[in-house]
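The following note sets out numbered points on the structure shown below. Please read each point beside the sequence and the coordinates.

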Amino acid sequence: DKRYASREGLLKSFDSLRRDCDQSGSMEGLDAFNRQAFDLISSERLAKALDLKNEKPEAIERYGKKGQNFLLARRIVEAGARFVTVSLGGWDTHGNNFKSLRTSRLPELDCGVSNLIQDLRDRSMLDDVTVIVWGEFGRTPKINSRAGRDHWSRVMSVLLAGGGMKNGQVIGATDPKGGEPADRPVYFGEVMATLYKKLGIDVFKQQLTDLSGRPQNLVDNGFGPISELVG
C-alpha cells in the first residue's frame with residue numbers, strides 16, 4: 001500500500017531528526033514502539049478484525065451502519081490492540097442544537113457505546129478494558145440566537161466504564177444552570193491519573209525525561225486518580 005509506505009517513510013524521517021536532537025537515549029525505546037505499531041497495522045490479525053464478514057449478522061444489525069466503528073473497536077481489542085480511538089464528530093452545534101442531537105448525534109452515540117459495553121461484558125472483557133467517552137470542552141448553558149450552544153470550558157461530561165472500576169456513579173455536579181462546578185469538581189488530570197492507574201502506572205512515582213534531560217510529571221498540578229472510582 002503506497003499510503004502506508006509513505007507514512008512509514010515520513011515517520012522514519014521524523015525519527016532521524018529527533019534522534020539527532022536526543023541526548024538521553026529515549027529515542028531507542030520509541031523506535032521499538034513504532035515498529036510494534038507498524039507490525040500491528042500490517043498484521044493478519046488486524047485485517048481479519050476489520051473484515052466484518054467474520055462478524056455475526058445480528059451483531060452488525062445491533063450496531064447499525066452508523067455504529068460500525070464501535071463494533072470494529074471491539075473486534076480490534078479482541079485482536080490484541082491495547083489502545084483504540086473511535087472518533088464521532090458533529091457535536092459543534094452552534095446552531096440547531098436540539099434537533100441535531102435528538103435525531104442524529106445522541107442516538108448514534110447511545111447505540112454505539114451501549115452495544116460496545118454490553119459486548120465487552122458478554123465476552124468477560126469489561127474488567128480488562130476501560131471505556132472513556134469525552135470531548136475537548138462543554139457547551140454553553142445559554143442558548144444562542146440560532147438555537148445552538150457555543151464552546152464552554154467551565155464544565156463538561158465524561159463517561160468512564162469498565163476497567164474494574166466502581167461503575168454506576170455520578171461524580172460531581174454543576175449549578176442549576178449547568179454553567180459552573182457546584183460539587184466535587186473533577187479535573188482532567190484526575191481522569192488521566194485514573195487511566196494511568198488502570199495501566200499500572202503510579203503518577204506520583206513515574207516520570208518521563210524530556211529531550212533536554214529534565215524529568216517531567218505525567219500529570220500536572222499533583223492530581224491523582226479519582227478515588228470514588230479506584231479507591
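1. Glu136 counts as exposed, because its relative accessibility of 63% lies above the 50% cut-off for that class. The residue sits in the loop that runs between strand E1 (130-133) and strand E2 (138-139). Please note that the model is a predicted one.

2. The surroundings of Glu136 can be described through its contacts. Leaving out residues up to four places away in sequence, Glu136 touches Met156 and Phe188. Its C-alpha atom is also separated by 8.4 Å from that of Ser153, a residue 17 positions away along the chain.

3. Phe188, one of the residues touched by Glu136, belongs to helix H7 (residues 188-198). Phe188 is classed as partly exposed because its relative accessible area is 46%, a value between the 20% and 50% limits. Together with Trp134, Val158 and Met192, Phe188 makes a nonpolar surface patch of about 340 Å².

4. A second glutamate deserves separate comment. Is Glu55 buried or exposed? Glu55 is buried, since its relative accessible area is 8% and the class requires a value under 20%. Its place is in the loop between helix H3 (44-49) and helix H4 (57-63).

5. The side chain of Glu55 takes part in polar contacts with two arginines. One contact, of 3.2 Å, is with the side chain of Arg74, and another, of 2.8 Å, is with the side chain of Arg75. Apart from residues up to four places away in sequence, Glu55 touches Ile60, Leu71, Arg74, Arg75 and Arg123.

6. Both arginine partners of Glu55 appear among the buried residues of H5, which are Phe70, Leu71, Leu72, Ala73, Arg74, Arg75 and Ile76. Which elements help to cover the buried residues of H5? The cover includes H3, H4 and H6. Just after H5, Gly80 adopts a positive phi of about 120 degrees.

7. The largest nonpolar core holds 15 residues, and those touching the most other members are Tyr63, Phe70, Leu116, Ile117, Leu120, Val129 and Val131. Two or more core residues are supplied by each of helix H5 (68-78) and helix H6 (97-122). H6 provides the largest share, with 4 residues.

8. Leu120 is one of the core residues just named. Setting aside its neighbours within four places in sequence, Leu120 is in contact with Arg74, Met125, Leu126, Val129 and Val131. Arg74 thus appears here as a contact of Leu120 and, in the earlier point, as a polar partner of Glu55. A second core, separate from the largest one, has 6 residues, including Leu160, Ile226, Leu229 and Val230.

9. Some totals place these details in the context of the chain. The secondary structure consists of 8 helices and 8 strands. Of the 231 residues in the protein chain, 28% are buried. Among contacts with a separation of 6 or more, 57% are between residues 24 or more positions apart. The accessible surface of the chain is about 15,600 Å², and carbon and sulfur atoms account for 53% of this surface.

Methods. Residues numbered from 1 in each chain as written. Predicted model: local features only at pLDDT ≥ 70, side-chain atom pairs only at ≥ 80, totals over all residues. Heavy atoms only, no water. Buried < 20%, exposed > 50% of the residue type's maximum accessible area, 1.4 Å probe, protein only. Polar contact = N/O pair within 3.5 Å; in protein donor to acceptor, adjacent residues only side chain to side chain. Contact = heavy atoms within 4.5 Å. Areas by Shrake-Rupley, 256 points an atom, 1.4 Å probe, with all protein chains shown as cover. Core = buried A, V, L, I, M, F, W, Y, C linked by side-chain atoms within 4.5 Å. Patch = residues over 30% accessible without salt bridge, like charges linked within 9 Å, V, L, I, M, F, W, Y side chains within 5 Å. Salt bridge = Lys/Arg side-chain N within 4 Å of Asp/Glu carboxyl O.
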